[in-house]
Amino acid sequence: MHKASIQTILKVIFAAAILTWLAKSDKLDLSLIGQVLENGPWALISLALLICSSFIAAFRWSLLLKTKSDKIHIKKIYPINLIGQFFSTFLPGIVTGDFLKLLYVRDCDKNLKRSFLLSTALIDRIIGLIGLLIVGGLSSIYFYSELTVLSPKVKPLISFNIMLLLGALGFVLVLFMPVRIKIHVIELIKILPFVGDKIASITETFWKIGESRAVILKSIGLSVIVHIFAITAFWSLVHSFLHANIGIKQLFSIIPVGLISIAIPISPAGAGVGHLVFEELFKALGQDKGASFFNLYFLVAISVNLLGVIPYVLWKKKHTFKEAEALEEVQ
């Protein structure tokens, strides 16, 4: 059996084991799904917010791609990004979905090099993470007094958010460091045996994109908007179940930590792991049903990802998983 298939099976088993344990211990309340559907248009509002978030994320990626190509347009990048989201949900690891969508982008402009495409996908994810850290860090600082009165357990989370914010700002500074320092760093990377030249090539492309400071800053701004929409979508689903002292302000500090945890492809689309993490995060606020809250968000997010099957079916030229794996191996 293929190694990737074994990894997928193990991830599914791992996620299923966590979900089973949460259900048996009454931490996963599936009745909330029906309650949300009966509670007016909030599920549709959440879905609309996540679709908008997905579109903005695609537009952000198109800005990075346009630094090397004038043939890139959001009309093509948005459906391509949806295709990537669809397959990232079900394929082993989120990377394969990324590599698959790179093949479709290369069809838009054959002159785009693999190293550039890989770098844009990587920097897009990093910028997305930076936006999340900015939202979590700034909200933790701004709403500090309102958060700390909820529970003593919140203080470590606030400190964690602020540390991550400082790290994100540090990374942006590194991206904008002087050229003479970058040259020395590249020379040191090339010393590495076997992979030095490849890593140096990707790093150089990475920094070349970073030279377009306006594009990077716009992308970071778009990332902040993406996560504001996502957190608002989460709140739309769960606000009627929250304690009176917990509102959207508190969620802007807590949810980013949970979203960071599911960014690591330990399980398919963060299933199980996300449920467990959010259960503990909401406990820190003195609120139960954290796993059930994440389950609502998880189902809506998966629904958005499933929309990627539409452009995939309608797309004239289809690429195979083997092509995506081959592109990954080349790197």
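**Entry 1: overall picture**

I began with the contacts in the protein between residues at least 6 apart in sequence, and noted that 75% of them join residues at least 24 apart. The model I am reading is a predicted one, and I keep that in mind for every entry below. For the secondary structure I wrote down 16 helices and zero strands. I then looked up burial across the protein, where buried residues make up 50% of the 331 residues.

**Entry 2: salt bridges**

How many salt bridges does the structure hold? I find seven, and I followed up three pairs by name.

I took Arg60 and Asp124 to start with, whose side chains meet in a salt bridge at 2.7 Å, N to O. This pair links distant parts of the chain, since Arg60 sits in helix 3 (residues 42-65) and Asp124 in helix 6 (residues 114-142), with their positions 64 residues apart in sequence. I also checked accessibility for the two partners, and both Arg60 and Asp124 are buried.

I turned next to Asp98 and Lys101, whose side chains form a salt bridge at 3.5 Å, N to O. These two residues both belong to helix 5 (residues 94-108), where they are three residues apart, about one turn of the helix. Is Asp98 buried or exposed? Asp98 has a relative accessible area of 9%, and because the cut-off for buried is under 20%, Asp98 is entered as buried. Lys101, at 7% relative accessibility, likewise counts as buried.

The third pair is Lys317 with Asp107, a salt bridge between side chains at 3.6 Å, N to O. I placed Lys317 in the loop between helix 15 (309-314) and helix 16 (321-330) and Asp107 in helix 5, so this bridge ties together parts of the chain that are 210 residues apart in sequence. For accessibility I noted 43% for Lys317, which counts as partly exposed, and 25% for Asp107, which also counts as partly exposed. Still on salt bridges, I recorded that those sharing partners join Asp98, Lys101 and Arg125 into one network.

**Entry 3: helix 3 against helix 14**

Two packed helices are described by the angle between their axes and the distance between the axes, and I looked up both values for two pairs.

Helix 3 and helix 14 (residues 290-306) pack at an angle of about 50°, and their axes are 9 Å apart. Angles from 35 to 65 degrees fall outside the parallel and perpendicular ranges, and helix 3 and helix 14 are therefore oblique to each other. The crossing in which helix 3 passes helix 14 is right-handed. Which residues make the contact? From helix 3 I listed Ser46, Leu47, Leu50, Ile51 and Ser54, and from helix 14 Tyr297, Val300, Ala301, Ser303 and Val304. Sorted by class, this contact of helix 3 with helix 14 has seven nonpolar and three polar residues, and no charged ones.

**Entry 4: helix 12 against helix 13**

I looked up the second pair in the same order. The axes of helix 12 (residues 248-263) and helix 13 (residues 273-284) come within 9 Å and cross at roughly 155°. Because angles over 145 degrees count as roughly antiparallel, helix 12 and helix 13 are entered as roughly antiparallel to each other. Helix 12 passes helix 13 in a right-handed crossing. On the helix 12 side I listed Leu251, Ile254, Ile255, Val257, Gly258, Leu259, Ser261 and Ile262, which meet Val273, Gly274, Val277, Phe278, Leu281 and Phe282 of helix 13. By class, the contact of helix 12 with helix 13 has eleven nonpolar residues, three polar residues and no charged residues.

**Entry 5: two loop residues**

Where is Leu28 placed? I found Leu28 in the loop between helix 1 (3-24) and helix 2 (31-38). With a relative accessible area of 14%, Leu28 is buried. I then set Leu28 beside Phe294, and the two are 266 residues apart in sequence but 9.5 Å apart in space, C-alpha to C-alpha.

The last residue I looked up was Lys289, found in the loop between helix 13 and helix 14. Its backbone caught my attention, because phi of Lys289 is near 70°, a positive value in a residue other than glycine. Lys289 has a relative accessible area of 30% and is thus partly exposed.

Conventions. Residues are numbered from 1 along each chain as its sequence is written. This is a predicted model: local features need pLDDT of at least 70, side-chain atom pairs count only at pLDDT 80 or more; totals for chains, interfaces and linings use all residues. Side-chain values use heavy atoms; hydrogens and water are left out. A salt bridge is a side-chain nitrogen of Lys or Arg within 4 Å of a carboxyl oxygen of Asp or Glu. Helices (H or I, at least four residues) and strands (E, at least two) are DSSP runs, numbered from the N terminus. Buried means under 20% relative accessible area, exposed over 50%, partly exposed in between (1.4 Å probe, protein chains only). Axes are lines fitted to C-alpha atoms, for helices over the stretch in contact, and angles run from 0 to 180 degrees between N-to-C directions. Angles under 35 degrees count as roughly parallel, over 145 as roughly antiparallel, 65 to 115 as roughly perpendicular and the rest as oblique. A crossing is left-handed if the near helix is turned anticlockwise from the far one by less than a right angle, and right-handed if clockwise. Contact means heavy atoms within 4.5 Å. Ala, Val, Leu, Ile, Met, Phe, Trp, Tyr, Cys and Pro count as nonpolar, Asp, Glu, Lys and Arg as charged, and the others, Gly among them, as polar.
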